[in-house]
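User: I am new to this structure and would like to understand the reasoning behind its description. Please explain each conclusion as we proceed.

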Amino acid sequence: MASPTSRPPAPRPVPSPSNPILLASQVQWLFTDEELSRTPSQLDGMKFEAEQTSRSKGVNFITQVGIMLKLPQLTIATAAVYMHRFFMRYSMVDIPQRPGMHPYPIAATSLFLATKVEENVRRMREVVVACCRVAQKQPNLLVDEQSKEFWKWRDTILHHEDLLLEALCFDLQLEQPYRLLYDFLRFFGFSENKPLRNASWAFVNDSMFTVLCLQFPPRTIAAAALYAAARHCDVSFEDDDLGRPWWEQIDVDLAQVRRACSRLAQLYESNALQKHSQH
């Protein structure tokens, strides 16, 4: 009797397969290098580097207010994406016909909106007080609710919320790299490797200060953070039983992952993270 033919091993299921509906809806928010060199701010005369610095300061504002409000990192990251997307529709530059949009009011509004979308709601009063403290660089500042500063921030957030929603086309659901990153770590059996986990998480955090979220889908950003962390920690990922390299196992394009890593490296080379922390 002939022995049954042995079947080749089946590939392991891809971790957190991408949702095609969500992917399709997010395509409008991915831009080419050429498009990123023609943002509204740059068309109004702002240099590319100056715009990146202003965006970075806006994300720093979001981060500091978010920490003060004890918000999860996911909510802070959502707000950062909202702010980056807003400035693909609006300019930061003042021109005679209209004033520009300053990053801080948009950052504050993005965070307020993100708390609602991510269901980490904070009362308007709490958000406004935190914004006053961060804006004035006084973390223990006593904020009078009848003061002009309090009402200025409150009115600013309420005024800009509709503008932000419209600029975002009410497209508020995001896939964030954090969950994908954790699933990748588990898939490769490294979820308990603290140095690798911490390094990859830090790379995702730092990516918020760049326009990576406007260039690459979250899956590529998560894979780039993992790749950069693996290089940093001298960790390698094995080919599977079918001989597929790690990037094929998690369904990402290696060229795009390397490109994202290169963009992240530019951030460190320019010392942008040190600069924004000084403002």
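User: In which loop is the place of Arg-98?

Analyst: In this predicted model, Arg-98 sits in the loop that joins α5 (73-86) and α6 (103-117).

User: What makes Arg-98 count as buried, partly exposed or exposed?

Analyst: The relative accessibility of Arg-98 is 31%. Buried requires a value under 20%, and exposed a value over 50%. Arg-98 meets neither condition and therefore counts as partly exposed.

User: Which residues is Arg-98 in contact with, leaving aside its neighbours within four places in sequence?

Analyst: They are Asp-44, Ser-91 and Val-93. The term contact applies here because it stands for heavy atoms within 4.5 Å.

User: How do you know how many disulfides there are?

Analyst: A disulfide is counted where two cysteine sulfur atoms lie within 2.5 Å. By this rule the count is zero. Cys-131 takes part in no disulfide, as its nearest cysteine sulfur, in Cys-132, is 7.1 Å away. Seen from Cys-132, the closest cysteine sulfur is that of Cys-131, and the distance of 7.1 Å is too far for a bond.

User: Why is Cys-131 called buried, and what is said of Cys-132?

Analyst: Cys-131 has a relative accessibility of 1%. The term buried applies under 20%, so Cys-131 is classed as buried. Cys-132 also stands at 1% and is likewise counted as buried.

User: What share of the protein chain do buried residues make up?

Analyst: Of the 279 residues in the protein chain, 52% are buried.

User: How do you know whether the span of helix α4 agrees with its number of residues?

Analyst: Helix α4 covers residues 48-68, which is 21 residues. At 1.5 Å a residue, the expected span is 30 Å. The C-alpha atoms at the two ends of α4 are 30 Å apart, so the two values agree. Just after α4, Lys-70 adopts a positive phi of about 55 degrees.

User: How many helices and strands does the protein chain have?

Analyst: The protein chain contains 14 helices and zero strands. Its C-alpha atoms fill a box of roughly 90 × 40 × 35 Å along the principal axes.

User: What percentage of the contacts with a separation of 6 or more is accounted for by residues 24 or more positions apart?

Analyst: In the protein chain, such residues account for 77% of those contacts.

User: How many positive and negative side chains are there, and how far apart do the centres of the two sets lie?

Analyst: There are 30 positive and 31 negative side chains, and the two centres lie 4 Å apart.

Conventions: Residues are numbered from 1 along each chain as its sequence is written. This is a predicted model: local features need pLDDT of at least 70, side-chain atom pairs count only at pLDDT 80 or more; totals for chains, interfaces and linings use all residues. Side-chain values use heavy atoms; hydrogens and water are left out. Helices (H or I, at least four residues) and strands (E, at least two) are DSSP runs, numbered from the N terminus. The expected span of a helix is 1.5 Å times one less than its number of residues. Buried means under 20% relative accessible area, exposed over 50%, partly exposed in between (1.4 Å probe, protein chains only). Lys and Arg count as positive and Asp and Glu as negative; His and the chain ends are not counted. The place of a charge is taken as NZ of Lys, CZ of Arg, CG of Asp or CD of Glu.
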